[in-house]
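Colleague: Could you take me through one part of this model up close? I'd enjoy a connected account.

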Amino acid sequence: MHKIGYVLPAGFQVMALATQAVFEFANVVAGEPFYEVTCHSMPGGSVKASLGTALQALPFTARSTADTWMVVGVIDPLASSSPSELLHALRKCSARARRTVGLCTGAFVLAEAGLLAGRRATTHWAYADALQQRHPDVQVEPDRIFIADDPIWTSAGMTAELDLALGLVEKDLGDDVARAVAHRLVMHQRRSGGQSQHSEMLNLAPRSDRIARALEYARHHLAQSLGVEELAAAANLSPRQFSRVFTAETGQSPAKAVERLRVEAARLMIERSRHPLEVVARETGFRDRRHLREAFMRGFGKPPQALRRDARLGP
């Protein structure tokens, strides 16, 4: 049995506990209790979450044992530093474990313990810069869902923790089990570690249903030309009205917004498939491979081949 221990600081972010459902349903799908989950804190006993609710935890000491340690973050990791006793125990326990994970701002605890020195890591986008500034020996990648720099894993915030937990299940039990667990949890998609923390649809955030309909239409018809006339028709506006309202609500021209949606879709195809770049370009509405490369250089500062290499190296 694979033992997973959660390290819960006072005021831990309650969303992290949702990841335990991933291991619960992995046991269900596997048909046997593969995972055993326990909660730990210093000095043990009742520990309060950020929401104010409390649970009972085992003591976390330098002698505690688990195959995978899941270090949970707090809402504001800059408000205080971790107790030296916790960092000492974490270093000792991590050395014996198969893996150590920093969930969301739990990456700050791992960094304070020296476990991220010289490694790639990520955290919640709002605190990525602070993590880099506080710990310059860490290679912080702020726009990743999760990163596995074995044996250390870190995740972005909130729902990205579920993606990391599914990544652990995939590593332990295979892709079929991980996919089945995601289905049981009614997750819209199972995101790879290399995926961006940001969604272009959320970034554009139109205020009206008309512009939202036009963007949704564009997202489902990227291979088409998607001129202003076509998008305006989807929004039931004249082309002139549409361009004015679209720019006012999103801060982007329709052409720029469509390119961003195309780049996002192309990136997902590159990460999840082995389709030639010519196919990726055609399916996502770019004129050709060269046009795709130009858009990637504008959006990511690197060509699509580099993103494909990163995806093959793992999360």
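What covers the buried residues of helix H6?

Modeller: Happy to help! This is a predicted model, so to speak of local features we need pLDDT of at least 70, and side-chain atom pairs count only at pLDDT 80 or more, while totals for chains, interfaces and linings use all residues. Residues are numbered from 1 along each chain as its sequence is written, and side-chain values use heavy atoms, with hydrogens and water left out.

The cover of the buried residues of H6 includes helix H1 (19-30) and helix H5 (160-173); contact here means heavy atoms within 4.5 Å. Helices are DSSP runs of H or I, at least four residues long, numbered from the N terminus.

H6 itself spans residues 175-184, and its buried residues are Val177, Ala178, Val181 and Ala182. Buried stands for under 20% relative accessible area, exposed for over 50%, and partly exposed for what lies in between, using a 1.4 Å probe and protein chains only. Because these four buried residues cover an arc of only 140 degrees around the axis, they sit on the same side of H6. That arc is taken from the directions from the helix axis to the C-beta atoms.

Turn to the other side of H6 and you find Asp176 and His183, which are exposed. After H6 comes Val186, with a positive phi near 55 degrees.

To recap your question: H1 and H5 are among what covers the buried residues of H6, whereas Asp176 and His183 are exposed on the other side.

Definitions and conventions
Helix = DSSP H or I, 4+ residues; strand = E, 2+ residues; numbered from the N terminus.
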